[in-house]
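This report examines selected features of one protein structure. The reader is invited to consult the sequence and the model shown below before continuing.

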Amino acid sequence: SITLGGDTRAALEAYCRKENISLFSLALGVMHHTVGAYSHESFAIGTVYDARPSQFRDMFVNTVLIPFAKGVEGGKETLKELNDRWKNDILPLASAPYDQLSAQGYGCNLCLVFNVGGNSGAAPTAKSDLTVAWTEYSSGDGSVDVFFESGIGSWPGIEDRFNQIIG
């Protein structure tokens, strides 16, 4: 795991405000570029997002898929474009059941869990090839812990790649 200190978090939040994007979109972009270093194929990242009707809140967790293009084209999307795609194109589909999306050819073995700034996406119980979880540090100093968990073995250098992108 990696701990982003309170100063680093404050700098990331200031960057997000300047660029008019969410910290979640930044985390998603960092994961995209980190994973992109391991594969030049298209892929999707799944994240927990609560778009369910209130009567189902305690029963199911909805996984929202964020697809990314392969190769050079996949790396050209800016964080602002990703933020806008998340808000305008992906969230309107957030209530679609995962099995319907999967039946249409959208699959996912990567998971981003984002529990920072009031978000409380529960960690999925199914193993993913890679799960990256951003969680507020319990010290109350604004620090964020970023955990990497693999369901398929090691991802050599993944923490170094993550730090390179954040830095």
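## The largest cavity

In this predicted model, helix α2 supplies the largest share of the lining of the largest cavity, namely 5 residues. The elements that give two or more residues to this lining are α2 (23-36), β5 (130-136) and α6. The complete lining consists of A27, V30, M31, T34, V35, L130, V132, W134, F148, I158 and F162.

What is the chemical character of this lining by class? It has 10 nonpolar residues, 1 polar residue and no charged residues. Threonine falls outside the list of nonpolar residues and is not charged, so T34 counts as polar.

The volume of the largest cavity is about 40 Å³. When cavities of 30 Å³ or more are counted, the total is 1. As a general principle, rolling a probe the size of a water molecule over the atoms shows where empty space is left.

## Helix α1

Helix α1 covers residues 6-19, which makes 14 residues. At 1.5 Å a residue, the helix should span 20 Å, and its end C-alpha atoms are indeed 20 Å apart, so the expected and computed values agree. The expected span is obtained by multiplying 1.5 Å by one less than the number of residues.

Which residues of α1 are buried? They are R9, L12 and C16. Seen down the axis of α1, these buried residues fall within an arc of 65°, and they therefore line one face of the helix. They pack against β1 (2-4), α2, β5, β6 and α6.

The other side of α1 presents a contrast: D7, R17 and K18 are exposed there. Just after the helix, N20 takes a positive phi of about 60°.

## The loop residue G151

Where does G151 lie? This residue belongs to the loop between β6 (144-150) and α6 (158-166). Its relative accessibility is 45%; because buried means under 20% and exposed means over 50%, G151 counts as partly exposed.

When residues up to four places away in sequence are not counted, G151 touches S128 and D129. G151 may also be compared with T131: the two residues are 20 residues apart along the chain, and their C-alpha atoms are separated by 8.1 Å.

Conventions: Residues numbered from 1 in each chain as written. Predicted model: local features only at pLDDT ≥ 70, side-chain atom pairs only at ≥ 80, totals over all residues. Heavy atoms only, no water. Helix = DSSP H or I, 4+ residues; strand = E, 2+ residues; numbered from the N terminus. Buried < 20%, exposed > 50% of the residue type's maximum accessible area, 1.4 Å probe, protein only. Contact = heavy atoms within 4.5 Å. 1 Å grid on protein atoms, 1.4 Å probe; cavity = no way out; pocket = protein on both sides within 12 Å on 5 of 7 lines; lining within 4 Å. Points joined across faces, edges and corners; volume = space filled by probe spheres on them. Arc of directions from axis to C-beta.
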